[in-house]
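Hi everyone, thanks for coming. Let me put today's protein up on the screen, and then I'll walk you through one corner of it.

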Amino acid sequence: MGEPRELTKRHRRSLAGRLTAFAAVLCLTSATVALLPTPSSAATGPGGTTVAEGGHAVRISRTEYGVPHILAQDFDGLGYGYGYAFAQDNVCELADHVVTLRGERSRFFGPGGEPGEGEVQGSNLASDTYYSGQRRAGTVRQLLAQKAPLGPTTELRRMVEGYAAGYNRYLRDTGVDHLPDPTCKGKPWVRPITGLDLWNVVYDVNRVTATVPLVPDIGDAKPPTTTAAADGKDTAASSATAETSAVPALASADVGSNGWALGRDATRTGNAMVLANPHLPWAVGYFRFYQVQLTIPGTLDISGAGLYGTPLVEIGHNRTLAWTHTASDAQHASVYALKLASGDPTSYLLDGRTVPMERRTVPVTVRDASGGLSTVERTLYSSHFGPVLSSGWTATTAYAIRDANADNLRSMNTWLAMGKARNLGQLRAAQDEFQGIPWTYTLAADTSGGTYFTDSSAVPHLTDAQLAHCTLPNDEGPTALDGSTSACAWGSDPDALVPGLYGPAQQPELSGTDYVANSNNGPQYVNPEAPITGLPSVYDTDPHLDGRAQLGLRMIAQRRDGTDGLGAPGFTESTLRDSMLGNRVLSAETGRDDIVGMCRAHPSLTATDGTRIDVRQACATLARWDTRADTTSRGIVLWSTFYDRLLDGGPPDTWRRVPYDPAQPLTTPRGFNGEDPRVQRALADAVQDFAARDLPVDVELGAVQKWDGIPLPGCDAGCFDVVEASPDSGTGTPTAGAFGTTFLMTVELTPDGPRAHTLLTYGQSANPASPHFSDQTGLFSRKQWVTERFTQAEISGAPRLEVTTLRR
């Protein structure tokens, strides 16, 4: 299916170029809040906690590294406490995000400028056009008007309203002029939020792998005969360039992950375990995690992490069940090519009929250079299939995107029901009932020792026959379907909650007692001993595994037979953590000796520019290297640079010692053909690059890969622990970004309760002035973990526990 997976790093960089670092950083205070109604009396208890007598209590206790544990008696209070705690840490971040989702960036920052936090590259005007149009259309309001399961449950509605009230309480108590973060202190764009704002956050998260990266393209869409001067409306600056530009590749935002669920047959204790290891941008709001525990006694008790601004835990565990997610390789949207009517680029042909595009006029308030405000009118165009894109719009063809999550506000229903589930059967029932997982696989385990994998995400109902008949030839841009016939529209399943999608009966799944594992490969080999086959190709039926997926399966196999150097066979939670942060590099394990042999035989190589390069010192460095990506490893930086150069040269199998063999998907391709000119040239170019940067070829990884000055392990050259960063990552305004391992969690589900360790690699706050900006980064650098506190006794026993009383 297209280019080999080993080129995904290059693809990700291209996509990452469409995403920006935060425009705002977070605010954090060290206080922890206990929310209580007015009590009859109060006294100070252990640990500085203020306790109250009478009424229901909501308590927010911060343990090590600022992690809040929220205890409430109902969903209103749980949301209120969560919103208040999150605002303490992130008030500026969420305030900035709300500006974007309200379509008001041009009002406060001008029509050009930089995109907002979590926004793809493009003008503020294009972003505002899209989001203002969405709000004027009432898209989210209409979804909210539906009853569950399509609309939110009553519990979630109450929780979201409570969250908004708690956030606003913090803002009111602190005052905008006294916020601790200068990013938003005293800024006019920091205002109270509403429950609708939070539902807009959720809605955007659900569409972040399809529509959201194309927001600038949708907001700037104009027919080729229309110019700003001709229509007399778009008088402000615009980034539209679009009459003949290539259609951007539909794929996704910058996401990835590793996830394992280990059953009783794979562990030494007989207890099931789960490993969570999402790989996401470190400085993009849509993808930063916030760690939290949410507890209503007898109703809900979940611990883990959720994406910023969402009201729940999305990766985590309760007492008997644990789960994680990895980015699904299934399609979650389709690009349709519209055949335009002759002489009218705003009408298209469908089944022989001429259909006019829907036009929506959107007023956008714009601030000029002198601070004055004016209103410009913009036009959004939409088709039967979805929004029309600016790119590729010619006199004969236009492109539209149909997003499988365009009507998905069900995701929080699903995650709340999963959090309440007590076993794998109930988890699956929760997913079947609400069908709201937007774009991820699910891997889970429970106290029975069982494991479960599924892709229950929103996937377009397109048959293989449709794809064969409807896919149009296209040398550039996305794979587009023929939009001139309804025969190419999505079908549906009788058990699908929403028309156009595959229903639960068609979704891939696998249950067992050994393991399931995924590293963003297709579903076929989540357990090679029980391959999942016979799926529609929209679920990604390519059996090819990239290096990270192969390495993960190798690590599991070697731990099960005890050949990985970590002791007796079988996983313990300790060896699970050691496996995760072992920083193994498959490309080096299977190919380093090939390169050493080559450079010893050829101590002088020719670079791309024709220069002869002495590679003897580089060769000695690689020979001494331990093939790991630890912060102290010498050779991994050179290896990564060499490997990048090689991948950038084109399809890889021509330079492989053993090319890809579909009959051996777990072990091929591997190795390097040292006599291949591309291999020799890539090493010469890498050494030349080091010399140009005055960098020793044996530089330690930690000297060049940092967050806030702290050395980072990991790589993206066949590493399991994926990390990409520069020496200045975590610094500057806005913060220079990194990518890779974010929230780490290992959980053992024992009969006596969960035993978990976590790491939030960038800390709870994106404010560099906060003590929790990089406190956990230091742990990550040293391969240390945080022991999770789950029970109330564990929480109460935390040193320097902080609990503050807040009365409504």
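I'll start with the whole protein and then turn to a few of its helices.

First, a reminder that this is a predicted model. The protein has 808 residues, and 62% of them count as buried. Its secondary structure comes to 21 helices and 32 strands. If you take the contacts with a separation of 6 or more, 69% are between residues 24 or more positions apart. The accessible surface is about 27700 Å², and carbon and sulfur atoms make up 50% of that.

Now please find helix α16, residues 616-624. Which of the residues of α16 are buried? They are Ala618, Cys619, Thr621 and Leu622. These four sit on the same side of α16, because they cover an arc of only 160° around the axis. The general background here is that an α-helix has 3.6 residues a turn, so residues three or four places apart point the same way. On the face turned away from that buried side you'll find the exposed residues Arg616, Gln617 and Arg624.

And what do the buried residues of α16 pack against? Their partners are α15 (586-601), α17 (636-647) and α18 (677-692).

Two of those partners also pack against each other. The axes of α17 and α18 are 8 Å apart, at an angle of about 130°, which makes α17 oblique to α18. The crossing of α17 past α18 is right-handed. If you'd like to zoom in on the contact, look in α17 for residues including Val637, Leu638, Phe642 and Leu646; on the α18 side, residues including Val679, Leu683, Val687 and Phe690 take part.

Note on methods. Residues are numbered from 1 along each chain as its sequence is written. This is a predicted model: local features need pLDDT of at least 70, side-chain atom pairs count only at pLDDT 80 or more; totals for chains, interfaces and linings use all residues. Side-chain values use heavy atoms; hydrogens and water are left out. Buried means under 20% relative accessible area, exposed over 50%, partly exposed in between (1.4 Å probe, protein chains only). Helices (H or I, at least four residues) and strands (E, at least two) are DSSP runs, numbered from the N terminus. The arc is that of the directions from the helix axis to the C-beta atoms. Contact means heavy atoms within 4.5 Å. Accessible areas come from the Shrake-Rupley method with a 1.4 Å probe; for residues, only the protein chains shown count as cover. Axes are lines fitted to C-alpha atoms, for helices over the stretch in contact, and angles run from 0 to 180 degrees between N-to-C directions. Angles under 35 degrees count as roughly parallel, over 145 as roughly antiparallel, 65 to 115 as roughly perpendicular and the rest as oblique. A crossing is left-handed if the near helix is turned anticlockwise from the far one by less than a right angle, and right-handed if clockwise.
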